[in-house]
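User: I should like to learn how to read the features of a structural model, beginning with its strands and ending with its backbone torsions. Could we work through one together?

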Amino acid sequence: WTIPAATFTGTASRTNTTQYSATWVGIGGTCTDAACSGAGDGTLIQLGTEQDAFHGGATNYYAWYEMLPADSVTIPKPVQPGDRITASLNCTASCTAPTQSWTLSMTDFTQGWSWTQTFSYASPMLSAEWIEEATSTCSGSKCTVQPLADFGTETLSPGTANGVNPFLSLDQNGIVMFDTSGQTAQPSAPVAGNEFASCWGQTSLAPCSFAAPASPLVAAVLPS
């Protein structure tokens, strides 16, 4: 994805002086069986970028990873709006065991850095997610979704899951995010099953459409 520029919208209040957005990929956190008939999966391993906007015009951008129930950890690398990011989560050892070895990686092609770290984590590996959303703050088991910063339209290109095209579809895989202040993040129908857009909205769900990002390749000339 390309890190979006975050904008504070609406009127600040005592409880709403900051608005948040996060773009991330993850494993887990949804269902405990294929039919989603059981209780929710309490595990989640994820990494991405944060794009926050403050009343008055200031912004904050950073990269992070998180492995529930632990808090998120900032990745010590610089990011800014317009940076092209790719991120991956790979089980690299003991993948059929209750606790696995996971390698998390992120690359910022714009600023030219890469980050990789390996962790032990117990995941049932029941789902994969590509998300644009507002973050939540938690106190004990009670979590509150924060106001969503205006991120415009964000394009996510999932690439592969388990080494193949995930073949996403809007009706089966799409989730619309609503926050408590009325902001929304709505996915578009995926293109080719592995690329889609997410559109910010305010108290409305206007259709979100996918527009392919500009290619970095300007021209190519072969020898005659």
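Analyst: The following discussion takes up strands, cores, a buried serine, disulfides and backbone torsions in turn. Please keep in mind that this is a predicted model.

User: How should I read the sheet, and in what order do its strands lie?

Analyst: Strands of a sheet pair through backbone hydrogen bonds, and the pairing may be parallel or antiparallel. Here 5 strands make up an open sheet, ordered β4-β3-β2-β1-β8, with antiparallel pairing. At the edges lie β4 (73-75) and β8 (128-133), each of which pairs on one side only. On average, neighbouring strands of this sheet are turned by 25° against each other, direction ignored.

User: How many bridges join β1 to β2?

Analyst: Strand β1 (residues 18-28) and strand β2 (residues 44-54) run antiparallel and are joined by 11 bridges. Within this pairing, glycine 28 has leucine 44 of β2 opposite it.

User: What surrounds leucine 44, and is this residue buried or exposed?

Analyst: Leucine 44 has a relative accessibility of 10%, and therefore it counts as buried. Beyond its neighbours within four places in sequence, leucine 44 is in contact with Trp24, Ile27, Gly28, Gly29, Glu66, Met67, Leu68, Tyr121 and Glu129. The C-alpha atoms of leucine 44 and glycine 29 are separated by 4.8 Å, although these residues are 15 residues apart along the chain.

User: How do β6 and β7 pair, and what is found in their hairpin?

Analyst: Strand β6 (residues 100-108) pairs with β7 in the antiparallel sense, over 9 bridges. In that pairing, serine 101 stands opposite serine 120 of β7. The hairpin has 4 residues between the strands, and glycine 112 in this hairpin takes a positive phi near 80°.

User: Let us turn to the interior. Which residues have the most contacts inside the largest nonpolar core?

Analyst: In a regular strand, side chains alternate between the two faces of the sheet. The largest nonpolar core of this model has 30 residues, and those with the most contacts inside it are Ile45, Leu47, Leu89, Leu104, Met106 and Trp115. Two or more residues come from each of β1, β2, β3 (59-67), β5 (85-93), β6 and β7. A second, separate core of 6 residues includes Ala134, Met177, Ala185 and Trp200.

User: What does isoleucine 45 touch?

Analyst: Residues up to four places away in sequence being set aside, isoleucine 45 touches Val25, Gly26, Ile27, Glu66, Met67, Leu89, Trp102, Leu104 and Tyr121.

User: Where is serine 127 placed, and why does this residue count as buried?

Analyst: Serine 127 is in the loop between β7 (113-121) and β8. The cut-off for buried is under 20% relative accessible area; serine 127 has 15% relative accessibility and so counts as buried.

User: With which side chains does the side chain of serine 127 make polar contacts?

Analyst: One polar contact, of 2.9 Å, joins the side chains of serine 127 and threonine 30. Another, of 2.5 Å, links the side chain of serine 127 with that of glutamate 129. When neighbours within four places in sequence are left aside, serine 127 is in contact with Gly26, Ile27, Gly28, Gly29 and Thr30.

User: How many disulfides does the structure hold, and how should I read their handedness?

Analyst: The structure holds 2 disulfides. In one of them, the sulfur atoms of cysteine 91 and cysteine 95 are 2.1 Å apart. The torsion about this S-S bond is about -120°, so the disulfide of cysteine 91 and cysteine 95 is left-handed. The other disulfide joins cysteine 199 to cysteine 208, with an S to S distance of 2.1 Å. That link, with 70° about the S-S bond, is right-handed.

User: Are these cysteines buried or partly exposed?

Analyst: Cysteine 91 counts as partly exposed because its relative accessibility is 22%. Cysteine 95 is partly exposed as well, with a relative accessible area of 31%. Cysteine 199 and cysteine 208 are both buried.

User: Finally, which backbone torsions deserve a closer reading?

Analyst: Most residues other than glycine have a negative phi, and most peptide bonds are trans. Serine 94, in the loop between β5 and β6, has a positive phi of about 55° although it is not a glycine. Methionine 125, in the loop between β7 and β8, also has a positive phi of about 55° and is not a glycine. The peptide bond from leucine 68 to proline 69 is cis, with omega near 10°, and proline 69 lies in the loop between β3 and β4.

Terms used
Residues are numbered from 1 along each chain as its sequence is written. Side-chain values use heavy atoms; hydrogens and water are left out. Two strands pair if DSSP finds at least two bridges between them. Axes are lines fitted to C-alpha atoms, for helices over the stretch in contact, and angles run from 0 to 180 degrees between N-to-C directions. Buried means under 20% relative accessible area, exposed over 50%, partly exposed in between (1.4 Å probe, protein chains only). A polar contact is a pair of N or O atoms within 3.5 Å; within protein, one must be able to donate a hydrogen and the other to accept it, and residues adjacent in sequence count only if both atoms are side-chain atoms. Contact means heavy atoms within 4.5 Å. A disulfide is a pair of cysteine sulfur atoms within 2.5 Å. A nonpolar core is a set of buried Ala, Val, Leu, Ile, Met, Phe, Trp, Tyr and Cys residues joined through side-chain atoms within 4.5 Å.
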